[in-house]
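Visitor: I would like a close look at one part of this model. Please take me through the empty spaces inside it and what surrounds them.

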Amino acid sequence: MIRMLKKHSFIAVVYFCLIALLGLGLRLFAVMDIPGTYKYIVHTHSHIALLGWVYTALTTLLYFTYLSSQAIDKKYRILFWFTQATIVGMLFTFPFTGYTLFSIIFSTLFLIASYWFVYFFFKHCPEDLKKKASYKLVRISLWYMVISSIGPWALGIIMSNAGSGSAWYRNAIYFYLHFQYNGWFIVALFGIFIYILEKNGFSLPEHTFKKFYSLLNAGVILTFFLSVLWMKPDWPSYLLALIGGVLQFIAFGVFFRAIYSKALEIFRSLSDLFRFSIRMVVFLFSVKLIAQILGAFPVISEVIFTNMDMIISYIHWVFLGVVSTLLLIFLNYFEMLKLSRFQLNFYLVGFFLTELFIFARGLVNLEVVPTIAAVHWLISLASLVLCVGIATILAGQFLAKD
């Protein structure tokens, strides 16, 4: 079983490397002639990032932590390879056709595969694990994944009635992204983190967990209103977005306060790499929570939604900073991935450089800072560093293969 999951983790890292290459290609469009259609590469980059790298890595972690004791490897292989066929189908259709018949077919089949995974997970998860706090977070995260799929299903109806230029179209995409990032990805990863604490002898007090769980889910739902502020709605939307951001901030304050002293004790027995990574993610996630609260104020939201670099910078901060760092360190913790401090540092240097230059370009567009010479080249070079950093992680898996 562990050999199977190591292979699945390796495939996930291959996708990670591919999206880094695609991201580099997107940056180079601004500085040289690149064969291909920019919009189609964006579609490919985003789909393989969410569905190739994150989905494959996260479902592999969930299978290992909750289902590995069950004799279902053969059944899971069928589900896994069906899912991979849909992802590869998107990889070979989106770059050349964009949203057309075959890419839509593969995207639809992926949604069906994801529903299959949810059913498979709930059916085969052992009853004793279902009593754990970590499982409750994973369970709701899977429901958020299902809820997020309303967005893609709605796109076809919206395009046939209102067109791709309508507000409904944009909001359907934001709906999908919000419940993927803030619901499915982050809630599941915190569930896995609590699973690790539980395996090391620590359980959150029930009343503390209930408070955290309620605040967290209320925050996930209400912060969706951040995604509609681009329309400059009436004040209740701003208020709900602000309340959602504050509730999430309080939720994780409750969580970290509850685990802090015990976590320090547990972490002493864990690797330096794990401790460093968790501290880094705490910093990155804290910035995200603060950004959500600030983004609920009209003066800031109007600036963000008129500046694509600000939006990209925020998405990358969550995806590359919080989500991907946790995926790498959890895969390493469960020995499904080999990761060294050098490899992680290389990756983080590339991540912070891309964030710095993309955010700086956003400030230039706002005329907050003077024009930066060769900013497009700087972003491209930073993307190259990030790409090489991820490539070193992939290369490390070749060297470590049994």
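Guide: What follows is a walk through the cavities, one pocket and the packing around them.

This is a predicted model, where local features need pLDDT of at least 70, side-chain atom pairs count only at pLDDT 80 or more, and totals for chains, interfaces and linings use all residues. Residues are numbered from 1 along each chain as its sequence is written, and side-chain values use heavy atoms, with hydrogens and water left out.

Rolling a probe the size of a water molecule over the atoms shows where empty space is left. The search runs on a 1 Å grid over the protein atoms alone. A cavity is a set of points where a 1.4 Å probe fits but cannot get out. A pocket is an open set with protein on both sides within 12 Å along at least five of seven lines. Lining residues have an atom within 4 Å of a point. Grid points are joined across faces, edges and corners, and a volume is the space filled by probe spheres set on the points.

The count comes to 3 cavities of 30 Å³ or more. The largest cavity has a volume of about 90 Å³. Its lining is L189, F190, F193, F256, I278, V281, V282, F285 and L326. By class, that is 9 nonpolar, no polar and no charged residues. Here Ala, Val, Leu, Ile, Met, Phe, Trp, Tyr, Cys and Pro count as nonpolar, Asp, Glu, Lys and Arg as charged, and the others, Gly among them, as polar. Helix α11 gives the most to this lining, with 4 residues. Helices are DSSP runs (H or I, at least four residues), numbered from the N terminus.

The second largest cavity has a volume of about 80 Å³. Residues that line it include L51, Y55, F110, S148, S149, Y176 and Q180. The classes here are 8 nonpolar, 4 polar and no charged. Helices α2, α5 (101-124), α6 (133-148) and α8 each supply at least two lining residues. The largest share, 4 residues, comes from α5.

Take Y176 from that lining. Y176 lies in helix α8. Y176 is buried, with a relative accessible area of 14%. Buried means under 20% relative accessible area, exposed over 50%, partly exposed in between (1.4 Å probe, protein chains only). Not counting residues up to four places away in sequence, Y176 touches L50, L51, S148, S149, G151 and P152. Contact means heavy atoms within 4.5 Å.

Now the second largest pocket, with a volume of about 940 Å³. It is lined by 33 residues, and A291, I304, M310, I311 and Y314 lie nearest its centre. Elements that give two or more residues to this lining include α8 (167-199), α11 (272-295) and α13 (308-333). The lining has 23 nonpolar, 8 polar and 2 charged residues. Y176 and I304 are 19 Å apart in space, C-alpha to C-alpha, and 128 residues apart in sequence.

Last, the packing. The largest nonpolar core has 121 residues, and W53, Y66, F121, L142, F330 and Y347 have the most contacts inside it. Such a core is a set of buried Ala, Val, Leu, Ile, Met, Phe, Trp, Tyr and Cys residues joined through side-chain atoms within 4.5 Å. The largest share of this core, 17 residues, comes from α8.
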